[in-house]
Amino acid sequence: MPHCRVCQHETLERFLSLGPTPLANRFLNREQLEETEPYFPLDVYFCNTCCLVQLVDIVPAQVLFREYPYLTGVSSPMKTHFAALAEEIVQEYHLDPGSLVVDIGSNDGTLLSSFRQFGTRTLGVEPAANIAALANTAGVQTINQFFTPALAEDIARTMGPAKAVLATNVFAHVHDLDSFLQGASELLSADGVLVIEVPYLVDMLDNTEFDTIYHEHVSYFAVRPIVAILTRFGMGIVGLTRIRVHGGSIRVVVQKSRTQQARVVDRFLTLEAERGLSFVRPYHEFAQRVHSVKDELIELLRNLKAQGLRIAGYGAPAKGNTLLNFCKVGPDLLEYLIDTTPAKQGRFSPGMHIPIYPEQRFHLEPPDYALILAWNYADEILEKETAYRQRGGGFIIPIPRPIVV
Ligand code: TMP
Ligand code: ZN
């Protein structure tokens, strides 16, 4: 019996099995198509003691994050989001020119570059060598390492304590949460803030966002387990809001030595209690909906195909590979995928081996229908592709349940 990564109790209950699945960001080149692809179980568990939803089949971070194709800067909605986040942090928490901002999992430096206009000092920490190099070339100083307490101590010694430590879209990836929080605490100034943005479990359940489950995401957070972990570190939440990004996330602002939680936390805890998130039942219900989405999507795609229509995939996000592999949607149904990320173009999707092209392909050889795998940007994509739609092209949005628009 596996034990819970956070509370150590042997009280895990599996509620969803997505089956053996390849790694979501391991896009293949032509030679790799001939090799055996590594597959790992993708099963999701609920802990009956601390309520953390989690994976137990852990793929080492060194395997997942040393080379990484994903770039924040290629999705313009994310650039807009991060520019607003930078401004809010500077104003709300009174950062001065000279204040140090450290971004953990800083990717290509998109978020840190939004701090430039405010004159703060910035430092990125990014384990993927290829991406850290891009950020450094773009002039965003970035250390190519995993974030550890030792590194935090190093940074604090050489650059001074940080007024803001940012952890956007990285907290769910962290295997050892204790070490992560110890490092953040080490690095923060007494009045500094740790800003976490992480997909919210309530949104995942409400919208049946099962495709956000992949090996990189080892935890799926409600507020309650976050409070429990922070409390152990003597840290407290000073700000908590729901945000739109990645299908619904929360922004959690944390200070060390802040024992009292902000009053807004109670509202979230009440919401989560009302949803019954401390019991396994809503998770089993979620799993049933996941299977319905699979059945409906396959039926829809097969019907279109049977009418002789051509279908492509719009975007090749990591989550798209969970969806394609779980639903067994391969090149027989989707002719190609398009994606704006250079490192994905010319490659093949993991598992299903669908070829990926730059966006131009979509305009040169428009399909009859496009399955929006990057559904978190559906509004922007529909707006961007009005010409395609005016010529009669259709879009399919797969979740909360498949619809044609
Ligand atoms: P994300 O949801 O994890 O940010 O990934 C989105 C993926 O979709 C990323 O690979 C970039 C791609 N993308 C497009 O190809 N076209 C677009 O218009 C947008 C917004 C994203
Ligand atoms: Zn637990």
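Are Cys4 and Cys47 buried or exposed? Cys4 is buried, and Cys47 is buried as well. Keep in mind as you read that this is a predicted model.

**The zinc site**

Both of these cysteines hold a metal. The zinc ion (ligand 2) has four protein donors, Cys4 (SG), Cys7 (SG), Cys47 (SG) and Cys50 (SG), and they lie 2.3 Å from it. The angles among the four donor atoms run from 100 to 119°, and the site is tetrahedral. If you follow the chain, you will find the donors spaced as C-x2-C-x39-C-x2-C. Cys4 sits in the segment before strand E1 (12–17), while Cys47 belongs to strand E4 (residues 43–47), so this pair ties together parts of the chain that are 43 residues apart in sequence.

**Strand E10 and its neighbours**

Now let's move along to strand E10 (residues 188–199). Why can we call E10 largely enclosed by the rest of the structure? Nine of its 12 residues are buried, and therefore the description fits.

E10 has a partner in strand E9 and another in strand E13, as the table shows.

| Partner of E10 | Direction | Bridges | A residue pair |
|---|---|---|---|
| E9 (residues 162–168) | parallel | six | Leu166 with Val195 of E10 |
| E13 (residues 249–256) | antiparallel | six | Leu194 with Val254 of E13 |

How does the chain get from E9 to E10? It passes through helix H6 (residues 177–187), making a β-α-β crossover that is right-handed. As you look at the strands, a general point may help: in a regular strand, side chains alternate between the two faces of the sheet.

**Helix H6**

Helix H6 deserves a look of its own. Which residues of H6 are buried? They are Leu177, Ser179, Phe180, Leu181, Gly183, Ala184 and Leu187. At the start of the helix, you can spot a side-chain oxygen of Asp176 that comes to within 3.3 Å of the backbone nitrogen of Asp178.

**A serine in a loop**

Finally, try finding Ser114. Where is it? Ser114 lies in the loop between helix H3 (110–113) and strand E7 (121–125). Its relative accessible area is 13%, and because buried means under 20%, Ser114 counts as buried. Leaving aside residues up to four places away in sequence, Ser114 touches Phe82, Ala83 and Ala86.

How values were computed:
Residues numbered from 1 in each chain as written. Chains lettered and ligands numbered in written order. Predicted model: local features only at pLDDT ≥ 70, side-chain atom pairs only at ≥ 80, totals over all residues. Heavy atoms only, no water. Buried < 20%, exposed > 50% of the residue type's maximum accessible area, 1.4 Å probe, protein only. Helix = DSSP H or I, 4+ residues; strand = E, 2+ residues; numbered from the N terminus. Pairing = 2+ DSSP bridges. Right-handed = clockwise from strand over helix to strand, strands pointing away. Donors = N, O, S within 2.8 Å, 3.2 Å for Na, K, Ca; no water. Tetrahedral: all angles 85-135°; square planar, octahedral: opposite > 155°, others 65-115°. Contact = heavy atoms within 4.5 Å. Polar contact = N/O pair within 3.5 Å; in protein donor to acceptor, adjacent residues only side chain to side chain.
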